[in-house]
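Visitor: Could you walk me through this one? I'd like to know why things get the labels they get.
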Amino acid sequence: MSSSATGAVKKKKAKRMHPVKRTFMVIGATLLSLILIIVITISIIAAALTVYIFQFQDQANDVTLDLYSLEMDYTTIIYAYDKNGNPVEIQQITRGADRKPVSIEQVPQHVQDAFVYTEDERFYDHTGVDWKRTFSAFVNVIMDNIFGYEFGGSTITQQLIKNVTGDDDKNWDRKVREIFRAQNIEETCTKADILQAYLNYIGFGGNTAGIQAAANKYFGKDVSELTIAEAACLAAIPKSPNTLNPFSSYVDEDGNTALERNEKRRLLVLKAMLENGAISQDQYEEACNTKLVFRDPNAPVEDENSLVNEGVQSYFVDMVIRDVTYGLMDEYGIDFDEAQSRLYNGGYKIYSTVDIEMQKAVEAKFEDYTTFSAEVLANPPHAAFVAMDYMGNILAIVGDVGEKPIDNSWNYATREPRQPGSCIKPITSYGYAIENDLIHWSTIFTDKPITIKDANAPGGERQWPQNYSNRWSYGGYFTFQALLRSLNTIPAQLIQMEGPTNVYNFLQSRFHITTLTPYDADLAPLSVGALNNGILLTELVGAYQVFGNLGKFYEPTSYSMVIDPTGNAILQNTYTPIQALDKDSAYVMNKLLECVIEDQVAGTGRAAKLPTKKLVGKTGTSQNWGDIAFVGCTPDYVSGVWYGYDDRSQSVQNTYYSSAKLWKSIFGDIAEAGPVTNFPSNSNVKELYYCANTGMIASGLCPTGAKGYYKPSNIPPVCTSCGAKPSQTVTTQAQTEAQNAAAAAAAQGGQNAAAQLAQGE
């Protein structure tokens, strides 16, 4: 062996890999890498999608379907009560869509089915999203029009969410938000809740929204009265409200009218209802062959109960709107604009106090100028009238002469305080004095002025006030005579004696006059009605309630109740009276005011006398004849009229009829209608003869004046001044100093009160 062979280390021959195996190894490694890349990519995408999707999770809870907390406008409806005591609709008011809330229980099943099987046939099976329809819609987008962002397949739940939120962006974000919201709503609400909200929300063309308003508009029906054919017609509209509603003037490119397009889609709706078992074959065929009868779209939505005249709402409706607005302000602590927005859009039911027939009758009187004057006047004064019952329910109101020009026009009865003149006397000087036993029926006064301070008069004093006869007779008058003649001197004497502050507080606390100011606690405002701001006719008439119902005062109101869409009474009149006058005083005042009407020689209200019905009342005239008024009470109603110019210094003398005659011209027929009734009786008050000389209770030989009406707490003593012994014993309380002073003044003057005559108001 050679040395090279023995010393060398033999190297093992290297094994070579088969080419096929090497190829598979390369491919495997590549595939593994690709799989890893795909997994990583998918993980990244999934993570990104997860982050993307879950960013909408928080937005899923921002929608609730409390039907009446949704941002929807609802039509408010004003009701009145008919003769049978049933509520009837008189007015609808809205500033947004005409939408009337309705519960799902009021919607017939076939109406519900028409919408469900047209818009979302798997509505009762899915959980907010119909994934089959949604997937088809997504494929549609990708394959047909990926850049158009036209998403179909929305369920009723999704459609509702889109409408409620106003989220209608044409992008994927909106669709994902919508899906999350829909699923959340389905978890928290019942199908009935969702369908109820949907049927109240969807549009039906023009200004109409919600199934109830649509039923009213197209068929003049309540939703509960819709037939299958009519339900299908309405279910055909929401897909394209402006081109499928039967009243639309739309015509498509093929010449099909909106009505024809609706008819075609109506048949599709009926077929869907049939296929889903909602109707039978017979019902399907009958509905398909039914010729629909629509309400005339040009006919006003008015009936015999409507208070709309030539498209203008009545003064009563104006008043209700204003009164409820102020009620909402007080209830919720909001300003006028917000309260009125809630009223117009809140879907309230307002139960008004209007007497529909009376309101229309009075309106007709005010539109006829012969009601006011026998002559045509070039510049007629404004006028107003209000009537209410003895619980303060306003039954009729008119705010000016002539046809009402616009909605919410100026109302001189509710918004224009004016001076009441002598109409103030029964609720100030006389009412206070009778209530406090300062005077009685036959207390004797002297028609003479009082002395008041006047820096502009000689000596700083002057005699005041003048009577409307512009003279003082210095004669003696009984209480009832002073009132029926409307002498100004006697109330001035009374206010001076009573104390202006006391009478002011009496007027404010007992009759709730809102226009009073502290400056009215003075002689002129309280004795002759020269109030600084004046008084609203509604409040003046309201104060006179006490003379016809034994002294109870109820706040005048134009509505009894306001119901919100959930059925809760948010405003309600409790009809809780205050005893403004005690029963005896109120009864005596009623009899005193009767003299104003019944005395056909000197009674200032004699022109208002009715043929058969009892009437008590008072006339009033402000200084220089700037304001004229009359308030009258029958056993059924208390009502009043006023007239005057905007320029309060302009005299209305010799324009319209006298206030008493005008009241009768406006309200006499209404007041006289119906059975004869009487004012409430009061057996406590004593009907006694009085002495015509002294005003005391007549003795056997006294010259008897007539019967007077006396509170048991204030019966004057039996007369002993006529040389006759008392023929009866009358128990009395001690007479006030004021009574004694008045009687003494009359005795010194030697006046026979029953013989005195006077003029003026």
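Visitor: What makes a set of residues the largest nonpolar core here?
Guide: A nonpolar core is a set of buried Ala, Val, Leu, Ile, Met, Phe, Trp, Tyr and Cys residues joined through side-chain atoms within 4.5 Å, and the largest one has 137 residues. Phe511, Tyr544, Trp663 and Phe667 have the most contacts inside it. A second, separate core has 47 residues, including Ala114 and Leu160. Keep in mind that this is a predicted model: local features need pLDDT of at least 70, side-chain atom pairs count only at pLDDT 80 or more, and totals for chains, interfaces and linings use all residues. Residues are numbered from 1 along each chain as its sequence is written, and side-chain values use heavy atoms, with hydrogens and water left out.

Visitor: Why is Thr557 called buried or exposed?
Guide: Buried means under 20% relative accessible area, exposed over 50%, and partly exposed in between (1.4 Å probe, protein chains only). Thr557 has 9% relative accessibility, so it counts as buried. Thr557 sits in the loop between strand S12 (552-553) and strand S13 (559-563); strands are DSSP runs of E, at least two residues, and helices are runs of H or I, at least four, numbered from the N terminus.

Visitor: And why does Ile37 get its label?
Guide: Ile37 comes out at 49% relative accessibility, so it counts as partly exposed. Ile37 belongs to helix H2 (residues 19-54).

Visitor: How much of the chain is buried?
Guide: Buried residues make up 52% of the 761 residues.
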